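Open the structure in your viewer and keep the sequence panel beside it. The tour below goes from one selection to the next and says what is there.

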Amino acid sequence: MDLIQAIILGIVQGLTEFLPISSTAHLRLVPSLLGWKDAQGHPFDPGSAFTAVIQLGTLLAVLIYFRKDLASALGGWIRGLRGGEAAKTLEARLGWAIVIGTIPIVILGIVFKHQIETQFRSLDIIAYSLIAMGLLLLAADYTGKQTRKLEDVKPIDGLILGLWQALALVPGMSRSGSTITGGLFAGFNRAAAARFSFLLAVPSILGAALYELFKHRQEFGGDLLLPAVVANVFSFVVGYWSIGFLMKFLQNHRVVPFVIYRVGLGLIILFLVHTGRLDAMAGVQTDAPI
């Protein structure tokens, strides 16, 4: 991977991680559309490991943007461990919701690890996922009551949205798209659903990135080090901007533009794949070790 490719992937990661359009899908799709090749001349796929590691830049963007919320939730959760009235505060409830909500994606990520790194990266699956979650997001936006605020969060909401977040293990579903959809179905307003989505993403993004860094420490300590650093810098800058954009947008607008984009992109991918213009599995290591 050269630095130009790293910059492009970093920008794509930062732009699409928080908008409900799936960063993993775009990181998988962009190299295929641009015809990137690896050193051996084979089709290029950045892979699930590089995709997870460059999320550190967008994670830093979340940590800075929501630093007060995260600090309050962590402090409240720690104080709430003592029980009593401290366990009933908003901060404690939000902290427990984040902790509980992280469990499903960890368990399912371990169970389906091989599929996530191989079959799930098929452009066919990505296309269908983009369309399906787009339609669910649209349904949630129009049928959800949207009467609840973040102050109404309960630990059970963490489990519900955590199950929705686990859908993002399939490229194309989108972490933010899945959890915002779940939040809207649970009755939260758009801004609260997005805010909860971002806070809930922190533990799973951090865990996945650190795991992949350790597992592939030789590659990231060698040839991939500079591209990973460059990609993270760009993903942080663009990611911070995209958080602010989405939070302001959802205060007064429906999610229709994102739904149109998701469905349109999904249909385009299916057309390109089924007319032979794109190979659905190009660059994917289908024999990746379990």
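Select Ser 178, which sits in helix α10 of this predicted model. Ser 178 has 0% relative accessibility, and because buried means under 20%, it counts as buried. Now show what surrounds Ser 178: apart from neighbours within four places in sequence, the residues in contact with it are Met 133, Trp 164, Gln 165, Leu 167, Ala 168 and Met 173.

Step back along the chain to Ser 174. This residue lies in the loop between α9 and α10, the latter covering 175-185. Is Ser 174 buried or exposed? Its relative accessibility is 4%, so Ser 174 counts as buried. Check the backbone here as well: phi of Ser 174 is positive, about 85°, although the residue is not a glycine. For background, most residues other than glycine have a negative phi.

A second backbone angle to look at is in the loop between α8 (123-143) and α9 (155-166), where Gln 146 is found. Gln 146 is not a glycine either, and its phi is positive, near 55°.

Next, select Thr 24 in helix α2. With 18% relative accessibility, Thr 24 falls under the 20% limit and therefore counts as buried. Which residues does Thr 24 touch, not counting those up to four places away in sequence? They are Thr 51, Arg 121 and Pro 171. Add Gly 172 to the selection and draw a distance between the two C-alpha atoms: Thr 24 and Gly 172 are 148 residues apart along the chain, yet these atoms are separated by 6.6 Å.

Go now to helix α1, residues 3-16. Draw a line between its end C-alpha atoms, which are 20 Å apart. This agrees with the expected span, because 14 residues at 1.5 Å a residue should span 20 Å. Colour the buried residues of α1, which are Gln 5, Ala 6, Leu 9, Gly 10, Val 12, Gln 13, Gly 14 and Thr 16. In a helix of this kind, residues three or four places apart point the same way, so a side of the helix can be followed by stepping along it. To see what the buried residues of α1 pack against, show α2 (23-34), α3 (47-53), α4 (55-65) and α13.

Stay with α13, residues 225-252, and turn on the surface. A nonpolar surface patch of about 470 Å² is made by Ile 11, Leu 225, Val 229, Val 233, Phe 234 and Val 237. Helix α13 gives the most to this patch, with five residues. One of the patch residues to pick out is Phe 234, placed in helix α13. Phe 234 is partly exposed, with a relative accessible area of 30%.

Finally, zoom out to the whole chain. How many helices and strands does the protein chain have? There are 14 helices and zero strands. The C-alpha atoms fill a box of roughly 60 × 40 × 35 Å along the principal axes. The radius of gyration is 19 Å, which agrees with the value near 19 Å for a compact globule of 290 residues. Buried residues make up 53% of the chain. Among contacts with a separation of 6 or more, 81% join residues 24 or more positions apart. With the surface still on, the accessible area comes to about 13,100 Å², and 68% of it belongs to carbon and sulfur atoms.

Conventions
Residues numbered from 1 in each chain as written. Predicted model: local features only at pLDDT ≥ 70, side-chain atom pairs only at ≥ 80, totals over all residues. Heavy atoms only, no water. Patch = residues over 30% accessible without salt bridge, like charges linked within 9 Å, V, L, I, M, F, W, Y side chains within 5 Å. Areas by Shrake-Rupley, 256 points an atom, 1.4 Å probe, with all protein chains shown as cover. Salt bridge = Lys/Arg side-chain N within 4 Å of Asp/Glu carboxyl O. Helix = DSSP H or I, 4+ residues; strand = E, 2+ residues; numbered from the N terminus. Buried < 20%, exposed > 50% of the residue type's maximum accessible area, 1.4 Å probe, protein only. Rg over C-alpha atoms; globule rule 2.2 N^0.38 Å. Contact = heavy atoms within 4.5 Å. Expected span 1.5 Å × (residues − 1).
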